[in-house]
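Thanks for asking me to look this one over. Here are my notes, point by point, for you to read with the model open.

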Amino acid sequence: MVKRKYCLDSKKGSIAGFINSKAGKTGTFYMTYKNNSEWNAKIFRGVIKAGRREYFVIQDPTTKQIFVLSYSNLDYFTL
């Protein structure tokens with residue numbers, strides 16, 4: 001299976017709609033947190049639950065842990 005890499009543009013509304021349309025799919029999300037001494041970059045893997053205007057929600061399929069992630073920290077993602 002070929003994974004596609006999706007990059008962000010400046011229109012968060014269109015990215016939110018796209019993420020929301022992919023609800024139920026598993027993805028890998030690459031986030032960057034500036035000025036964080038513990039971890040600058042973090043990778044989240046999970047099933048997309050919802051995409052909203054400022055954030056999106058994913059759930060780890062193994063631990064069932066839910067993450068609310070901000071688009072402002074999202075670099076790119078693969079589905």
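1. Let me start with Gln59, which sits in strand S4, the stretch covering residues 55–59. Please keep in mind that this is a predicted model. Is Gln59 buried or exposed? Its relative accessible area is 18%, so Gln59 counts as buried, the cut-off for that class being under 20%. The Gln59 side chain also has a polar partner: a contact of 3.3 Å with the side chain of Lys49. Leaving aside residues up to four places away in sequence, Gln59 touches Gly46, Val47, Lys49, Lys64, Gln65 and Ile66.

2. One of those neighbours, Lys64, deserves a look of its own. Lys64 belongs to the loop between S4 and S5, and its phi is near 65°, a positive value in a residue other than glycine. Most residues other than glycine have a negative phi. With a relative accessibility of 55%, Lys64 counts as exposed, whereas Gln59 is buried.

3. A second backbone angle of this kind is found at Asn35. Although Asn35 is not a glycine, its phi is positive, at about 60°. You will find Asn35 in the loop between S2 and S3. Asn35 counts as exposed because its relative accessibility is 84%, and the class begins over 50%.

4. Now for the overall layout. The chain has one helix and six strands, and reading from the N terminus the order is β-α-β-β-β-β-β. Of its 79 residues, 34% count as buried. Among contacts with a separation of 6 or more, 47% join residues 24 or more positions apart. The chain exposes about 5400 Å², with carbon and sulfur atoms supplying 49% of that area.

5. How do the strands pair around S2? S2 pairs with S3 in the antiparallel sense over seven bridges, and S2 also pairs with S6, again antiparallel, over four bridges. Met31 is a handy marker for both pairings: Lys42 is its bridge partner in S3, and Leu74 stands opposite Met31 in S6.

6. Met31 turns up again in the largest nonpolar core, which has 16 residues. Which members touch the most others? They are Phe29, Met31, Phe44, Phe56, Ile58 and Leu69. Helix H1 (12–21), S2 (26–32), S3 (41–51), S4, S5 (66–70) and S6 (74–78) each supply at least two residues of this core. The largest share is three residues, and it comes from H1. To see the packing from one residue, try Phe44: beyond four places in sequence, Phe44 touches Gly27, Thr28, Phe29, Met31, Tyr33, Ile58, Phe67 and Leu69.

7. Last, the aromatic rings. The structure holds seven aromatic pairs. Why is the pair of Tyr33 and Trp39 edge-to-face? The ring centres of Tyr33 and Trp39 lie 4.9 Å apart and their planes stand at 85°, and an angle over 60 degrees puts a pair in that class. Tyr33 counts as buried because its relative accessibility is 17%, whereas Trp39, at 34%, is partly exposed. Ring pairs also link Phe18, Phe29, Phe56, Tyr71 and Phe77 into a cluster. Phe29 and Phe56 from this cluster are also among the core members that touch the most others.

Definitions and conventions: Residues numbered from 1 in each chain as written. Predicted model: local features only at pLDDT ≥ 70, side-chain atom pairs only at ≥ 80, totals over all residues. Heavy atoms only, no water. Buried < 20%, exposed > 50% of the residue type's maximum accessible area, 1.4 Å probe, protein only. Polar contact = N/O pair within 3.5 Å; in protein donor to acceptor, adjacent residues only side chain to side chain. Contact = heavy atoms within 4.5 Å. Core = buried A, V, L, I, M, F, W, Y, C linked by side-chain atoms within 4.5 Å. Areas by Shrake-Rupley, 256 points an atom, 1.4 Å probe, with all protein chains shown as cover. Pairing = 2+ DSSP bridges. Phe/Tyr/Trp six-rings, centres within 6.5 Å; stacked < 30°, edge-to-face > 60°.
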